[in-house]
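Colleague: Could you take a close look at a single part of this one for me? I'd like the walk-through in one go, with the numbers left in.

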Amino acid sequence: PEAITIQELANRMSERAVDVIRMLMKQGAMHKITDVIDADTAQLIAEELGHSVKRVAASDVEEGLFDQVDDSTDTETRSPVVTVMGHVDHGKTSLLDALRHANVVSGEAGGITQHIGAYQVLSPESGKKITFIDTPGHAAFTAMRARGAKVTDIVVLVVAADDGVMPQTVEAINHAKAAGVPIIVAINKIDKPDAKPERVRTELLQHEVQVESFGGEVVDVEVSAKNKTNLDKLLEMIALQAEILDLKTNSERPAEGTVIEAKLDRGRGPVATVLVQRGTLRVGDIIVAGAEMGRVRALISDQGDTVQEAGPSVPVEVLGFNGPPEAGDRLAVVENEARARQITSYRAHQKRENAAASISGMRGSLEQMMS
Ligand code: GTP
Ligand code: MG
């Protein structure tokens, strides 16, 4: 059911909330400014105050925000977005660190402070960029997928050669398969004396991951994050897979993207790491993500540099949100603040209602438990 707070209703009519409350009182109902009234009552009040009412459905509010279906204008090639997954201690962080320090886009080796959990690496042979997302574990991946956010083009599955396929390896395989994302296997810790890469391949076979040497199509690369062995080869395999995927985009349109992570920074206010997926995000753009809106005040690259814009597959820190959005929220650029406010107030309302529904659901089950 549609509903609105008295404050919101007053704002939209540019009336004072007390006048709305007075009007409600005339009808015999006592209300506070924060109270929620149903849409029919709201319409009645608005009309009595001399306003014309247009009820807006979800489809109207969200319309045109993400025209994912219309990809006919996506003709530019974009960099692949890669998520590294695997069992605990199999070397995901080490591998990401090694890749980053070996081949950071700027060409600066080592010593670069990592500002955001997503960055671009240059594939040395093809000279192509690869975007890596350093999601903190599988939970984030699952959460994003559950919220309909598709950010990953390729999963790099890290399996330690001395440990083999473990529960979280299997979990990662299942995630990748469910999301329909191709896997590239990085058999890590190949430097260890007890490394058994062939055993890893056999174990993977039991989970329907068939590597090329076993007649399958999944590419595997033996690497050592510690000794930086075969990292270039891994990057080339990713670039090759990206070519097969033929990833396209359109950088000319208003930006669309996904929030990778967001926080409230003491000095800088709400900060969101966003992966731009289509279009170009620019300083000054009016943005919405989930129930939050804002105007882009600054964009900060994975190198920590202030930039004026970010195109497809580029991760950036976005400053200027009124509040931190949530990981997995889709970001969109809208025409003006009024539109942004319409979208976010609608979503905030939906969110409150869902929360209320789940609380009353909880109460219900609690009562059942007590009886
Ligand atoms: P996160 O979950 O992202 O923290 O990464 P991870 O837990 O998968 O593994 P992490 O990179 O933290 O590595 C776990 C341990 O394995 C560390 O002690 C690393 O030094 C070690 N390690 C990682 N890669 C290699 C490698 O190629 N060779 C050897 N010998 N040790 C490695
Ligand atoms: Mg670790």
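Modeller: Quick bit of vocabulary before we start: two strands count as paired if DSSP finds at least two bridges between them. Keep in mind too that this is a predicted model.

With that in hand, let's zoom in on strand S12, residues 269-278. Strand S11, residues 256-265, pairs with S12 in the antiparallel sense, over 9 bridges. The link between S11 and S12 is a hairpin of 3 residues. If you want a place to check the register, go to Lys263, which stands opposite Val271 in S12.

Val271 is a handy marker for another pairing as well: Val271 stands opposite Leu319 in S18. Strand S18 covers residues 315-321, and 5 bridges join S18 to S12, again running antiparallel. So how many residues of S12 are buried? The count is 10 of the 10, so S12 is largely enclosed by the rest of the structure. The cut-off behind that word is under 20% relative accessible area. As a reminder for reading the side chains, in a regular strand they alternate between the two faces of the sheet.

From S18 you can step across to Gly294, since Gly320 and Phe321 are among the contacts of Gly294 beyond four places in sequence. Others on that list are Asp285, Ile286, Ile287 and Asn322. Gly294 itself lies in strand S15, residues 292-300. Its relative accessibility is 5%, so Gly294 counts as buried. For a distance to check, the C-alpha atoms of Gly294 and Val333 are separated by 9.8 Å, with the two residues 39 apart along the chain.

While you have the model open, have a look at the ligand too. Ligand 1 is surrounded by 15 residues, and the closest are Asp89, Lys92, Thr93, Ser94 and Asp191. By class, that shell divides into 2 nonpolar, 7 polar and 6 charged residues. Helix H5, residues 92-103, gives the most to the shell, with 3 residues.

As for polar contacts, a backbone N or O atom of Asp89 sits 2.8 Å from an oxygen atom of ligand 1. A polar backbone atom of His90 is 3.3 Å from a ligand oxygen. On the side-chain front, an N or O atom of Lys189 is 2.9 Å from an oxygen atom of ligand 1. Taken alone, ligand 1 exposes 640 Å², and the protein buries 66% of that.

Terms used. Residues are numbered from 1 along each chain as its sequence is written. Chains are lettered from A and ligands numbered from 1 in the order in which they are written. This is a predicted model: local features need pLDDT of at least 70, side-chain atom pairs count only at pLDDT 80 or more; totals for chains, interfaces and linings use all residues. Side-chain values use heavy atoms; hydrogens and water are left out. Buried means under 20% relative accessible area, exposed over 50%, partly exposed in between (1.4 Å probe, protein chains only). Helices (H or I, at least four residues) and strands (E, at least two) are DSSP runs, numbered from the N terminus. A residue is near a molecule or strand if one of its heavy atoms lies within 4 Å of it. A polar contact is a pair of N or O atoms within 3.5 Å; within protein, one must be able to donate a hydrogen and the other to accept it, and residues adjacent in sequence count only if both atoms are side-chain atoms. Accessible areas come from the Shrake-Rupley method with a 1.4 Å probe; for residues, only the protein chains shown count as cover. Ala, Val, Leu, Ile, Met, Phe, Trp, Tyr, Cys and Pro count as nonpolar, Asp, Glu, Lys and Arg as charged, and the others, Gly among them, as polar. Contact means heavy atoms within 4.5 Å.
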